[in-house]
Amino acid sequence: MKVVHSDAHRRHEPAHEVQAGEVIGLYEVPARAEAIRAVLAADATFHLVDPETHGRAPIDAVHDPDLVRYLEHAWTDWVADGGPTTAIPDTFRHPGLRAGMGAGRPPVTGLGRLGYWSFDTATPMVEGTYGAARAAVDVALTATDLVLGGEPAAYALCRPPGHHAPRGAFGGYCFFNNVAVAAQHARHAGAARVAVLDVDYHHGNGTQQIFYERPDVAFVSLHADPDRAYPYVTGFADETGTGAGRGTTRNLLLPAGCDDVTYLGLLDAALEHVDRSAPDLVLVSLGVDTYGDDPIGDLSLTGAVYGPAGAAIGSLGRPTVVVQEGGYHLPTVGANVRSFLRGLMATPIRPAPPSAPG
Ligand code: Q9C
Ligand code: ZN
């Protein structure tokens, strides 16, 4: 299996994040991606390849172009405003602030703009962040091109992750929604129907928001109940899509302490939704923060779950792009990703249908 990877992620290394009002060490560290890469590089089943540059157009097709333009200049704005070496906002665009008064005008200072486009304090930015975020999109797009070109499956080692970024905001360690940009790119390249299966511990609120009204892109997510877990305000079972996208979104909730057997049963239920959407291409948002020892998760999964989980997804028999999201337990993150990918490869997958210009 081909593994798409870029070194650009290393320059996204903020000093800290703010969680529940406290300054804490970063969870979403460069060592995560380095650990995954080292484990896969040592296994002859996997072949590392560089991403190809796709430019800004595929990102603008999914995100508010004003957000993309903001992120491009965010660091320069921040420095011009006298900000310190790690940028974290202190004032957010809460809908209640201007309720009934119209949209107003976007702020002009670096600090003001940061809170205008961000939705949390967990997503610090540094000088190398924008380059890393752009490279992560290229990693996802290149892996998608490989699968559209006939590879049965490919792995995008994205960092920073993407699934929390909606169309017009960033947060949750995510800047651009890598998997959503890849899904839209696949549609544009000729895949008639695409499904995103999100198995990160957290709800993929950004991906859900981007495709909520879309009949052609299904979103199925298996995650910790938002009544106890980030992002708290999305990911409930009664969110099933709207308008033309009615019924194309599905959320399945995991209880605290969820074990391997319960998990694999719920994954099967999620896979029924994926299969029913009859996708030409499946994109998996893979987070291994579902692991029992993950520092920000609360499930009880063991390392033995990831092979069978990958195999269950592989048994759909559909071309599959795996996109890395979360997973913060450094000693096991590489092994768990490897187990998942090897499980996925255990079942033969039909190649994607030849792509037609869309
Ligand atoms: N007390 C991803 O896994 N902080 N993002 C949660 C919980 C933000 C996770 C705080 C977690 C973001 C891609
Ligand atoms: Zn997560």
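Within what distance do the axes of helix α9 and α10 come, and at roughly what angle do they cross? Good morning, colleagues. I shall answer that question directly and then proceed to the metal site, the loops and one further helix. Please bear in mind throughout that this is a predicted model.

The axes of helix α9, which covers residues 306-314, and of α10 come within 6 Å, and they cross at roughly 35 degrees. The crossing of these two helices is right-handed. On the α9 side, the residues that take part are Tyr 306, Gly 307, Ala 309, Gly 310, Ala 311, Ile 313 and Gly 314. They meet Asn 336, Ser 339, Phe 340, Gly 343 and Leu 344 of α10. By character, the residues of this contact divide into 6 nonpolar and 6 polar, with no charged residue among them.

Allow me to single out one participant, Asn 336. This residue belongs to helix α10, which spans residues 330-345. Is Asn 336 buried or exposed? Asn 336 has a relative accessible area of 4%, and it counts as buried because that value is under 20%. Leaving out residues up to four places away in sequence, Asn 336 touches Val 288, Tyr 291, Gly 303 and Tyr 306.

I turn now to the metal site. Which protein residues supply the donors of the zinc ion, ligand 2? They are Asp 200, which appears twice through OD atoms, His 202 through ND1, and Asp 289 through OD. These donors lie 1.9 to 2.8 Å from the zinc ion. Along the chain, their spacing follows the pattern D-x1-H-x86-D. As for accessibility, Asp 200 is buried, with a relative accessible area of 1%. His 202 also counts as buried, at 8% relative accessibility.

The next topic is the backbone, beginning with the cis peptide bonds. One joins Arg 159 and Pro 160, with omega at about 0 degrees. Pro 160 is placed in the loop between β5, residues 153-156, and α6, residues 178-188. Another cis peptide bond joins Tyr 230 and Pro 231, and here omega is about 10 degrees. Pro 231 sits in the loop that runs between β7, residues 217-224, and β8, residues 249-254.

Where is Tyr 173 found? Tyr 173 is in the loop between β5 and α6, the loop that also holds Pro 160. The phi angle of Tyr 173 is near 75 degrees, a positive value in a residue other than glycine. Tyr 173 is buried, with a relative accessible area of 9%. Ala 278 likewise is a residue other than glycine with a positive phi, in this case near 50 degrees. Its place is the loop between α8, residues 260-276, and β9, residues 281-286. Ala 278 is partly exposed, with a relative accessible area of 28%.

Finally, I come to Pro 65, in helix α3, which comprises residues 65-80. At a relative accessible area of 27%, Pro 65 is partly exposed. Which residues does Pro 65 contact, leaving aside its neighbours within four places in sequence? They are Asp 60 and Arg 167. As a further point of reference, Pro 65 and Cys 158 are 93 residues apart along the chain, and their C-alpha atoms are separated by 21 Å.

That concludes my presentation. Thank you for your attention.

Technical notes. Residues are numbered from 1 along each chain as its sequence is written. Chains are lettered from A and ligands numbered from 1 in the order in which they are written. This is a predicted model: local features need pLDDT of at least 70, side-chain atom pairs count only at pLDDT 80 or more; totals for chains, interfaces and linings use all residues. Side-chain values use heavy atoms; hydrogens and water are left out. Donors are N, O and S atoms within 2.8 Å of the metal (3.2 Å for Na, K and Ca); water is not among the atoms, so sites may look incomplete. Buried means under 20% relative accessible area, exposed over 50%, partly exposed in between (1.4 Å probe, protein chains only). Helices (H or I, at least four residues) and strands (E, at least two) are DSSP runs, numbered from the N terminus. Contact means heavy atoms within 4.5 Å. Axes are lines fitted to C-alpha atoms, for helices over the stretch in contact, and angles run from 0 to 180 degrees between N-to-C directions. A crossing is left-handed if the near helix is turned anticlockwise from the far one by less than a right angle, and right-handed if clockwise. Ala, Val, Leu, Ile, Met, Phe, Trp, Tyr, Cys and Pro count as nonpolar, Asp, Glu, Lys and Arg as charged, and the others, Gly among them, as polar.
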